[in-house]
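Work through the exercises below with the sequence and the model side by side. Each task is followed by a solution in steps.

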Amino acid sequence: MSPINELFTNDQIDLQGLPDAEQLEMIPLEPAYKTVRYISAALIAFVIITASWAIVMFQPDLAPYGYIGAGLMTLIAWWMVVYNGLAFHYMGYAIREKDITYKSGWLWKSMTTVPFNRVQHCDLRQGIIDRRFGLSKLTIYTAGGQSTDLMIPGLLPETAEKLKTFILRSTEQSIENE
Amino acid sequence: MEPSSHLYQPQRQSPKAVLLILLKYLRIIVRQMWPILLIVLINPTNGKGIIITVIAFGIALISLIYSLVAYTRYYFFIENNELCVRSGVFRKTVLNVPFDRIQSIDFKRNLVHQFLNVVSVQVDTAGSKGSELELDAIELERAEELREFILAYKQARKTVATYSDTFLPPIPIVQETPELILALSPKDLMKIGISENHLRTAAIIFAFFLGLADDIDQLLGWDVYGQLENTTTAMSLFGLLATLVAIPLFIVISFTITLIRTVLKYYGLKFWREGKSYKVVSGLFTRNEKSIQKSKIQVIRWVTSPLKRLFGIYQMNIYQAANVDQNKDKSLVIPGCYKEQVDHTLDTIVPEFKHAVFTSHRMHPAIVRLMVVVFGFIPAVLFGLMAWYNEGMMQWLLTLVFPLAILMGYLYQRKRRLKIDPDFMISEGGIFGNSSKLIEIYKIQSVQIHSSPMQRRRGLTSLHVYTAGGEIAFPYLNEKIARQARDYILYRVEKEEKSWM
């Protein structure tokens with residue numbers, strides 16, 4: 001069976017002529033956010049490493065498997081910290097006239113697009129570490145449930161506020177047109 | 001319709017609710033504590049059992065009194081186009097649910113409800129958690145009055161919103177004659193019961209007995225597991241015979257339980273279309289009524305298993321836009337219907353579907369390798385190590401998961417299809433059976449594309465599209481196709497003028 005290279009066989013519209021989301025120019029996140037990522041990953045890693053070694057210390061009969069397990073957990077935790085930092089360079093967002101896209105991931109890449117006429121509401125949040133670095137997180141909710149909520153971290157509060165206003169205005173306009 | 005003025009008056013639930021509350025508590029007590037009750041009945045001299053029973057009944061009695069007081073303090077009424085409930089024993093709370101936010105009003109009647117001629121009213125709202133409302137027992141006429149009142153208001157609002165004229169057009173309340181799409185006869189019910197998933201029931205029974213053994217273990221100090229181990233390791237002729245009898249007996253029991261469950265749950269099921277909404281009524285003891293407005297339908301799924309295929313029946317689920325966080329199943333389930341009925345339903349919900357011309361896309365065969373490694377090879381190695389370490393002959397059998405994974409991976413890849421038409425998208429799959437999931441492209445909420453390093457090496461990605469009632473996820477799709485699909489979906493959604501709900 002030969003692979004089908006076209007989406008439809010009954011081409012009603014010019015598929016090649018559609019705006020290609022792959023060509024988007026991504027706007028990177030604030031550099032300070034990289035530090036935030038390192039810190040939060042390191043905190044989690046610290047908890048994991050401490051907990052696994054504590055278990056080995058207090059349960060001596062687990063040896064030698066305990067050591068292997070704790071060693072593995074340490075490696076995984078370190079890897080998580082490194083991955084979190086590196087993945088920062090692959091995060092970014094882009095806004096078009098009618099939708100917003102967020103891209104993330106270094107090895108496991110992901111790209112989410114939400115059309116403005118499907119936005120339910122937006123909110124701005126600041127975590128404890130975020131606040132220290134003067135950063136905000138913008139979340140865009142759709143009716144599609146948690147896994148589709150588009151979350152853009154590492155924004156300056158002013159940028160986040162501007163983005164939010166723009167998105168809500170676009171959403172309102174697109175709904176009025178309906 | 002002239003709204004009856006008494007709906008505005010704060011009123012209690014039907015006095016019959018007291019009886020229902022009593023029964024509810026009795027049921028909770030029995031359900032929570034039946035292993036204890038059983039043990040106390042078997043072994044009444046056990047001191048620990050008596051103390052536990054006394055404490056449990058004390059708690060039950062106090063909560064019963066509390067709930068009876070709560071009943072007398074519970075009022076509902078309509079005010080400013082909101083459904084209000086005033087309640088609370090120590091602290092007064094008022095819950096206001098604006099009519100605009102009400103998504104659906106469903107009635108539920110169990111045997112007692114039917115006997116007393118009352119219904120339990122469940123009001124579901126859009127969004128925010130904890131704002132859904134349940135009235136335990138309302139007289140049927142009053143409940144219907146309430147529902148009609150709220151629905152009439154909503155319909156009026158909709159009309160006003162559509163024609164934004166300065167004058168209000170008269171609101172015609174058209175009582176459309178309901179069309180019966182299908183009704184399950186006892187014969188159909190038997191077919192459905194026979195072809196249900198018996199393995200699942202077997203697993204539940206098994207888990208249940210393990211839990212029971214645990215309870216007995218803790219309460220009475222009988223070493224159930226030890227006893228079991230002794231019998232199984234003895235491997236005497238008697239043990240072998242017992243096993244030979246136990247397995248078919250187990251199968252017969254799970255079979256019977258599924259059959260009874262199906263009959264109880266789906267007895268006299270009727271699937272109606274009433275103007276712009278669909279309704280399913282079913283149940284022997286508990287009469288359940290669920291309805292979905294046509295505009296809220298997001299996903300339609302029809303599934304068949306090898307057993308179901310023998311009878312030519314499908315299970316159909318109709319999913320509506322729902323708050324996903326609420327974790328409540330708000331789909332309409334038709335446990336069994338024939339292909340013509342599936343087609344007919346599709347025809348009434350999405351009339352354009354029959355003219356759709358689909359292009360099929362398959363999953364890359366590399367998915368088979370991934371599935372075999374994750375579900376076959378790795379578990380087989382672990383089981384093998386375990387068997388080798390424990391020197392358990394029977395445990396070697398578990399490594400059979402490896403060939404099984406190869407077979408299942410192969411079947412999975414062979415059947416998986418993503419079908420696209422300019423208006424529709426279908427995800428097809430199934431290992432032994434067949435399942436199809438249909439969504440209308442303009443109802444899509446967002447699109448995601450994922451890729452792992454392995455996928456990128458082969459030019460593959462995973463495409464996920466989400467609607468308010470469910471998603472279609474298709475991994476290992478040709479990257480070019482996935483991108484085109486994404487760009488097309490976005491284009492289609494962004495230019496769409498129809499509201500998705």
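The exercises go from the interface between the chains to single residues of one chain.

The model is predicted, so to speak of local features pLDDT must be at least 70 and for side-chain atom pairs 80 or more, while totals for chains, interfaces and linings use all residues. Residues are numbered from 1 along each chain as its sequence is written, chains are lettered from A and ligands numbered from 1 in the order in which they are written, and side-chain values use heavy atoms, with hydrogens and water left out.

**Exercise 1.** Describe the interface between chain B and chain A by residues and by area.

Step 1. Count contacts, that is, heavy atoms within 4.5 Å. On this criterion 44 residues of chain B touch 43 residues of chain A.

Step 2. Take the buried area, which is the accessible area (1.4 Å probe) that two parts lose on being put together, summed over both. The two chains bury about 3,700 Å², and carbon and sulfur atoms give 53% of that. On the chain B side, B:Gln445, B:Gln484 and B:Glu494 lose the most area, together 15% of what that side buries.

**Exercise 2.** Find the polar links across the interface and the elements of chain B that touch chain A.

Step 1. Search for salt bridges (a side-chain nitrogen of Lys or Arg within 4 Å of a carboxyl oxygen of Asp or Glu). The count is 1 salt bridge between chain B and chain A. A:Asp20 forms a salt bridge with B:Arg486, with 3.9 Å between the closest N and O atoms.

Step 2. List the elements, where helices (H or I, at least four residues) and strands (E, at least two) are DSSP runs numbered from the N terminus. Those of chain B that give two or more residues to this side are strand 14 (359-362), strand 18 (446-451), helix 13 (453-457), strand 19 (460-467) and helix 14 (479-495). Helix 14 of chain B gives the most, with 12 residues.

Step 3. Look for strands that pair, for which DSSP must find at least two bridges between them. Strand 4 (residues 109-115) of chain A and strand 18 of chain B pair in the antiparallel sense over 5 bridges. In this pairing A:Thr112 stands opposite B:Gln448.

**Exercise 3.** Which side chains of strand 14 of chain B are buried, and which are not?

Step 1. Set the scale: buried means under 20% relative accessible area, exposed over 50%, and partly exposed in between (1.4 Å probe, protein chains only).

Step 2. Recall the rule. In a regular strand the side chains alternate between the two faces of the sheet.

Step 3. Apply it. B:Thr359 and B:His361 point to one face and are buried, while B:Ser360 and B:Arg362 point to the other and are not.

Step 4. Find the neighbouring strand. Strand 14 of chain B runs antiparallel to strand 15 (residues 417-420) of chain B, joined by 4 bridges. The bridge partner of B:Arg362 in strand 15 is B:Arg417.

**Exercise 4.** Is B:Ser282 buried or exposed, and what does its side chain meet?

Step 1. Locate the residue: B:Ser282 lies in strand 9 (residues 277-282) of chain B.

Step 2. Read its accessibility. B:Ser282 counts as buried because its relative accessibility is 9%.

Step 3. Check the side chain. A polar atom of the B:Ser282 side chain lies 3.2 Å from the backbone oxygen of B:Lys265. Leaving aside neighbours within four places in sequence, residues in contact with B:Ser282 include B:Tyr266, B:Leu269 and B:Arg287.

Definitions and conventions. A polar contact is a pair of N or O atoms within 3.5 Å; within protein, one must be able to donate a hydrogen and the other to accept it, and residues adjacent in sequence count only if both atoms are side-chain atoms.
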